[in-house]
Number of protein chains: 2
Amino acid sequence: MNEERSSKVLALSGGVGGAKLASGLHAALPPGRLGVLVNTGDDFAHLGLSICPDLDTVMYTLAGVVNPETGWGRAGESWAFMEALAAIGGETWFRLGDKDMAVHVERTRRLRAGASLSAVTADLCRRFGIAAAVLPMSDDPVSTVVDSDEGSLAFQDYFVRRRCEPRVRGFRFQGVEAARPNPDALAWLADPDLAAIVIGPSNPFVSIAPILAVPGLRDALMRRRVPLVAVSPIVGGQAIKGPAAKMMDELGIRPSAAWVAEQYGDLLDGLVIDELDRGLADSIRGPRVLVAQTVMRDAADRTRLAGEVLAFARGLERRPGR
Amino acid sequence: MNEERSSKVLALSGGVGGAKLASGLHAALPPGRLGVLVNTGDDFAHLGLSICPDLDTVMYTLAGVVNPETGWGRAGESWAFMEALAAIGGETWFRLGDKDMAVHVERTRRLRAGASLSAVTADLCRRFGIAAAVLPMSDDPVSTVVDSDEGSLAFQDYFVRRRCEPRVRGFRFQGVEAARPNPDALAWLADPDLAAIVIGPSNPFVSIAPILAVPGLRDALMRRRVPLVAVSPIVGGQAIKGPAAKMMDELGIRPSAAWVAEQYGDLLDGLVIDELDRGLADSIRGPRVLVAQTVMRDAADRTRLAGEVLAFARGLERRPGR
């Protein structure tokens, strides 16, 4: 086996954007060489079920069963459960498809029986035929809270029920101080076969920050011996998907790929920005910059971008001096 | 309002057979004049959900949304959840349809939030537009256990997973000693407007016996001032549906409508037997006997039988001497 084929890559991901890049990496790497370290700050209990939106989006995307139009949920989904729930007065603001329910019900059952989230996730991924390790950031509960002009909101309340309408003032990750990092994630970070770390084009505030806030994970990332590159989720001053740019506006930050470089700071060896932002390349201080087509419209886009990101990372040295 | 129209009827029911008669009574009586006292010994926790098969069968039947082919579950049901659950290795021996899941999830959520089973049931029935009171026999858990030649089996294990194959030796109703009767059921039994009590053509061993085993319910039935009639679930030595006749065989009882009279004994003022069993009428000691077409193939059959049962009960006196 040549060296390149035997090297491993760890991707950090929230939901849709990170999951798309992860699926490109999944396609670009040999089986078993991709780990995806996933935000669980969005997880919540709803209708008595343990729901892990980012884990599910990553899992469904890697399995090729994701709804290609939304980027989350399942392809060919049906809604008989939700319609019947509405008819008896149940809560329907968070839409749960019939197929999707199988994962929530089975995961909840296993968690209640004492299994860890990482063990349940690994087994679900095996059942879905996924040849990557999908790693929840922690087996302990962490809950992202959005401080807004309408008070503190649980993340899904803000994101789904309120459709990101309240103006954000900040974010907190409840329980994160006590959360232990997923030991498998630490093992991936310490693995001598690890060749690169990639932060996907996920929301820096609510997808990547919770992962970095887990005690031990940021330190392990800082101690890495391999290059770390991020793909900017901000393209032309806009977020490709989701509320990242709106959040920046409300926090008094001008949305730009340059801000992404500042936000990740010392963590970054390289930053991938979109062709649209080519003009910013020279102004970005710190990381090396790759300009690429970062908007992933189909599987070919994802695999191509993944290839470019991997080649870029391979050409980088771990930045010295820290 | 004339006296007949103002009189109330309380029906005792298990699943399919009792539910069919209850729906006939529902159609035959003015709104609000029917109470259905339902067995909850079949209830069980499955996949983390509180499942109440007999309550649901009664509710779906009264609401007119039951699957007309099976007599349980919902009409026009879909199975996307169950298929997706099978694909990830979940337990599928107890089939839960997509629409049906709405009731299980919502009931489980409300019970966990502290609501009583009777309150949740009443609200679900209101949502389904049911003009009858569906009364769980108790808000406390009771679990029917089938003692068999293969050991003790939880009821659904015996009934669904093992398809009634093990030979029965007896039945126990775990928790029944401590179960308090549903206060609404006691109120129905004490209601001066109550005109009749009807035991539906349900399994005497596992549908009606658990109700009668709840402390206080049998006594209240014995103290009644109104006629009590039962419709035999045994027709021509066979059970219309379910394992009643097989259970009798295995317990050394010759299945017959005459045995039903013996089983209910002093409780009965009247027994309705099928035309097929007309020859047994004279041999039945104790209750008055009505011979009728008891097999309910459609809504017209149910309403007709309900009308005959009500007329029969009205013509009976409460049997004296007890």
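Four exercises with worked solutions follow, on a predicted model.

**Exercise 1. Helix α2 of chain A**

Task: Compare the span of helix α2(A) with the expected span, then decide how far the rest of the structure encloses α2(A).

Solution:
- Step 1. Take the extent. Helix α2 of chain A covers residues 16–28, which is 13 residues.
- Step 2. Take the span. From first C-alpha to last, α2(A) reaches 18 Å. At 1.5 Å a residue, 18 Å is expected, and the span is close to that.
- Step 3. Apply the burial cut-off: a residue is buried if 20 or more other C-beta atoms lie within 10 Å of its own.
- Step 4. List residues. Buried ones in α2(A) include V16(A), G17(A), L21(A), L25(A) and A28(A). K20(A) and H26(A) are also buried.
- Step 5. Conclude. Of the 13 residues of α2(A), 12 are buried, so the helix is largely enclosed by the rest of the structure.

**Exercise 2. A sheet in chain B**

Task: Give the strand order of the open sheet in chain B, find its edges, and place helix α9(B) against it.

Solution:
- Step 1. Write the order. Three strands run β7-β6-β8 in chain B, with antiparallel pairing.
- Step 2. Find the edges. They are β7 (151–154) and β8 (168–174) of chain B. Each has a single partner strand, so one side of each lacks a neighbour in the sheet.
- Step 3. Check the twist. Neighbouring strands of this sheet are turned by 25° against each other on average, direction ignored.
- Step 4. Inspect one pair. Strand β6 (residues 143–148) of chain B is joined to β7(B) by four bridges. V146(B) stands opposite L153(B) in β7(B).
- Step 5. Add the helix. Helix α9 (residues 204–213) of chain B lies across β6 and β8 of chain B. Its angle to β8(B) is about 40°.

**Exercise 3. The contact between chains**

Task: Describe what chain A brings to its contact with chain B.

Solution:
- Step 1. Count. Chain A gives 23 residues and chain B gives 23 residues.
- Step 2. Assign elements. On the side of chain A, α4 (80–87), α5 (98–112) and α6 (117–127) each give two or more residues.
- Step 3. Rank. The largest share, 10 residues, comes from α5(A).
- Step 4. Classify. This side of chain A has 12 nonpolar, five polar and six charged residues.

**Exercise 4. Symmetry**

Task: Which rotation superposes chain A on chain B?

Solution:
- Step 1. Read the operation. A rotation of 180° does it, with 0.0 Å of shift along its axis and an RMSD of 0.0 Å.
- Step 2. Name the relation. This is a two-fold axis.
- Step 3. Locate the axis. In chain A, the C-alpha nearest the axis belongs to D98(A), 3.1 Å from it.
- Step 4. Compare surfaces. Both copies use the same surface: 100% of the contact residues of chain A recur in chain B.

Technical notes
Residues numbered from 1 in each chain as written. Chains lettered and ligands numbered in written order. Predicted model: local features only at pLDDT ≥ 70, side-chain atom pairs only at ≥ 80, totals over all residues. Expected span 1.5 Å × (residues − 1). Pairing = 2+ DSSP bridges. Axes fitted to C-alpha atoms, helices over the stretch in contact; angles between N-to-C directions. Contact = placed C-beta atoms within 7 Å. Nonpolar A, V, L, I, M, F, W, Y, C, P; charged D, E, K, R; others polar. Least-squares fit on C-alpha atoms with pLDDT ≥ 70 in both.
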